[in-house]
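Q: Could you walk me through some of the side-chain links in this model? I am new to it, so please take it slowly.

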Amino acid sequence: MLEHFNPFKWFKPRSQKPSRDQADELFRVKYERFKELLDSNGELSKILSDIEEKLKGHQVFGMAYIRSQSARSVFHAMRMIQSLNAISNNRYPDLVKVLESINARMKAEIERRKEESFTELILPYSQINREMVDWVGGKSANLGEVLTRVNLPIPEGFAITTHAFGRFLRENDLIDEINKWKMEIDPNHPETVNNVIEEIQRLIIAAPLPEQLREAILSAYDAMIERIKKSGAEDFSSQVSLRSSAIGEDSELSYAGQYLSVLNVPRDKIIQTYKYVLASLYTPRAVSYRLNKGIRDEDVAMSVACLQMVDSVASGVAYSHHPFNLLQDNVIINAVWGLGPYAVDGVITPDTYRVEKDDNLTILEPKIALKPVQLVSNPDGGLLEIPVPEEDRGRPCLSTEQIKTLAGYSLRLEKHYGHPQDTEWALDKQGRIIILQTRPLHLKNPAGEGEITPIPLLPQYPLLIEGGAIACPGVGCGLAFRVDSDEDLANFPDGAVLIAKHSSPKFVLVMQKAQAILTDSGSVSGHMASLAREFSVPTILDAKVATTTIPSGVEITVDAYSGRVYQGEVPELLRLQVTRQSSLKETPVYQALAHIAELTVPLHLTDPKSPDFIPENCRTLHDIMRLVHELSYQHMFQISDQVSDVRGCSVSLSAPIPLDLCIIDLGGGLKDTRDGVRRVTVEKVASAPFKALLKGMLHEGVRYMNPRPVELKGFFSVMSEQMLAPGHGGERFGDRSYAVISDKYLNLSSRVGYHYAILDSYCGQTINNNYITFSFKGGAADDIRRNRRARSIGRILEELGFTVEVTGDRVNARFQKYECAVIAEKLDLMGRLLQFTRQMDMLMRSEAAVETIANAFLQGNYNLE
């Protein structure tokens, strides 16, 4: 059991208030733990999204991936719990027990799926398939699959396994040495990473290869050359490429070209180059990434693919579907002379062939480019650019027969993997098409912005909405149905499209019925977005105008590939509703991930107001994440209860506002202030949320607001309540106000006379972390007038998009998960509202005043003229 840090050790009984310095340190510690909680919330959200992506069955992964993601998810869930307990005075110790129970079940599942022992140092590709990903990495597992199960030609070669990597480390006693050096790393000082990594890489490169491993690699190379000779090949290359094929990393790092691959390696340099590739597992970026993401070294291993360099006459890529036009389901082939990097990197314009997916593989549109240069192997090692002979520059790289052969290969790969493929290929000197690599085709935006690619606009259909954030791609069609309340959810019809102002996890109740979901605002990393992906509901968030543009009852087609919504049925888009199934879903490793996902991905705690929203009802890591995130807001909001216990004031604000405002800066909230400064002007405020709030409080419409018109009945009501009523319920809260701030955070407790307002806000770049929480209570008038004022404030906040509760004279409101600019806009209005509400209770002479005064504020009539 982990010991929980208690940040409240300075709190004394009220008669012993903490000093200003003690309080500053307390709030600073509390805020740092809050930031850690938000950071882990974001990381855990990414892990859950990645697991959901893998469950689609289009990417190869192994048990190492499952172990790594399981460990990372538990790490971040525990970090969130520890941070919550640190800011709540250890209010939730049972959450640790809940997490330990879930973790025990995850470990039992992983142990049950423990793979058989593996001791091979080398594996030829004729013995490799995708289930061997933990032994040879994803790159080699895919190549072996292409050869052994799709029966397509690949380069000659072999894989140096992860067992070989482990043996190299063990026999040189490198594991303890590496761990010892890693202890010198201080994540807060990046220069320590660089120094340590240089030493670790030196250890790996200098260490001798075990003799048995050295002999195995060179013997496998010699056997490969013999096979090539026996095949009758002439004038072939005897050089190889050594390509990293790491396991245990998630796709964000693996696909980033992080690890080393070396081309054109002769036999006498294979061993040393192999060690260079192993050492690339410990680059500064890779190590920092693993430290920050909670990836353990024991979940990471390096396999290396050793492949014959193909002397390519031509090479390029083949897509089994158009890479950025979903409506164009053709094979697209790009080709250049020589080696493929020039086609992939866009150095020269390639030939392009579009092939119909019919029985004849009809070539629809050949485009032959001028190709002045090509990339070839340098006999001395590396690559070399040379001119293309003049007569070949405008000639097609592929014959008609070769185009059809390659298109046929592409379709066979798509059928086998159950998903469009992005395939690298080469044409050798014998005229054979060789598959170099294949991976799932991730549709790309031709403008380079985002992954989901816009389908071309269909002008023949009325366009209602364009834009928004795609949380789950797909197409849905049905009648629009607006959801504003729990009653609307209960009445949601089967096959409708859900329209709402904001995303909400509550929508899970109707996701089985919904054809699609559209919201005016929301985050693709939020809880509802995760649920939408889990249920495969096409979803567009942050569409801005969905609720104002689309009336209920209108038939619409949602294109959640391009972020468009059309009126009526769009047959061209509805064809894309057919989902492809993947054969990966039948594999044991997929089943293992599915069982782990049952303990991580589903969200059962969707309603914070429900009595079931408690630690004991957390059944998954997603439940813990949702609960802790919600509770953290509540406890940060309560910082105002502790701030009033502080003796003294760090810095006071000098501004023309009716508040005696004390500022506690946790870091980055003020700028250009010297030690000993006791008063600052508004210009010194750097805190994004505080600056926005002050902008509203200093708005010219409220800054010089005239005195409220005194209505005698209201005035005497206030006076009689203060002087005559026994046990008057209006507590006097004091006259000092406090603002606890940082660059992105604000907690304002405004306590003036008989009423108080508390505002807590975070305003940063991560939409999912941004929020405003507001509470208002009190007043000097009678209960009826105080209640009217509370309802008038509630009415204003509802119109501003807040979720509002009014009880007696108390107003509680929440606004969350919007862009920083939107949060700042609302804080500006909240600043005006704080000024506007002063002495408002005296004006609440009748029920009509509730609406009248709310409308006056919303119309900008702050002087009630």
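Q: Let's start with Glu36: what does its relative accessibility make it count as?
A: This is a predicted model, and in it Glu36 has a relative accessibility of 28%, so Glu36 counts as partly exposed.

Q: Which residue does Glu36 form a salt bridge with?
A: The partner of Glu36 is Arg33, and the closest N and O atoms of the two are 3.3 Å apart. Arg33 is buried, because its relative accessible area is 16%, and the cut-off for buried is under 20%.

Q: And where do Glu36 and Arg33 lie?
A: Helix α1, which covers residues 20–54, holds both Glu36 and Arg33, and the three residues that separate them in sequence amount to about one turn of the helix.

Q: How many salt bridges are found in the whole structure?
A: A search of the whole structure gives 46 salt bridges.

Q: OK, what about Arg227, which residue does that one form a salt bridge with?
A: Arg227 forms a salt bridge with Glu156, and here the closest N and O atoms are 3.0 Å apart. Arg227 lies in helix α8 (residues 211–230), while Glu156 lies in the loop between α4 (133–148) and β2 (157–160), so this pair ties together parts that are 71 residues apart in sequence.

Q: Does Glu156 count as buried or partly exposed, and what is its relative accessibility?
A: Glu156 counts as partly exposed, with a relative accessibility of 27%, and Arg227 counts as partly exposed as well, at 35%.

Q: Then there is Arg814: which residue is its salt bridge partner?
A: Arg814 forms a salt bridge with Glu630, with the closest N and O atoms 3.1 Å apart. The pair links distant parts of the chain, since Arg814 is in strand β29 (residues 810–816) and Glu630 is in helix α19, 184 residues apart.

Q: Are Arg814 and Glu630 buried or exposed?
A: Both Arg814 and Glu630 are buried.

Q: Which residues do salt bridges that share partners join into one network?
A: Arg130, Glu131, Glu145 and Arg149 are joined into one network by salt bridges that share partners.

Q: Back to helix α19 for a moment, where does Arg626 come in?
A: Arg626 is found in helix α19, which runs over residues 621–637. Arg626 counts as buried, because its relative accessibility is 8%.

Q: What is Arg626 in contact with, leaving aside its neighbours within four places in sequence?
A: With those neighbours left aside, Arg626 is in contact with Pro505, His527, Leu603, Leu605, Thr606, Pro608 and Phe613.

Q: Changing topic, how many disulfides does the count come to?
A: The count comes to one disulfide, and a disulfide is a covalent bond between the sulfur atoms of two cysteines. Here the pair is Cys763 and Cys820, whose sulfur atoms are 2.5 Å apart. The link of Cys763 and Cys820 is right-handed, with 105° about the S-S bond.

Q: And where do Cys763 and Cys820 sit along the chain?
A: Cys763 is in the loop between β26 (755–762) and β27 (771–778), whereas Cys820 is in helix α25 (residues 820–836), so that the pair links distant parts of the chain, 57 residues apart.

Q: What does Cys820 count as, buried or partly exposed?
A: Cys820 counts as partly exposed, because its relative accessibility is 21%, whereas Cys763, at 3%, counts as buried.

Q: What about Cys306, buried or exposed?
A: Cys306 counts as buried, with a relative accessibility of 0%, and Cys397 is buried too, with a relative accessible area of 6%.

Definitions and conventions
Residues are numbered from 1 along each chain as its sequence is written. This is a predicted model: local features need pLDDT of at least 70, side-chain atom pairs count only at pLDDT 80 or more; totals for chains, interfaces and linings use all residues. Side-chain values use heavy atoms; hydrogens and water are left out. Helices (H or I, at least four residues) and strands (E, at least two) are DSSP runs, numbered from the N terminus. Buried means under 20% relative accessible area, exposed over 50%, partly exposed in between (1.4 Å probe, protein chains only). Contact means heavy atoms within 4.5 Å. A salt bridge is a side-chain nitrogen of Lys or Arg within 4 Å of a carboxyl oxygen of Asp or Glu. A disulfide is a pair of cysteine sulfur atoms within 2.5 Å.
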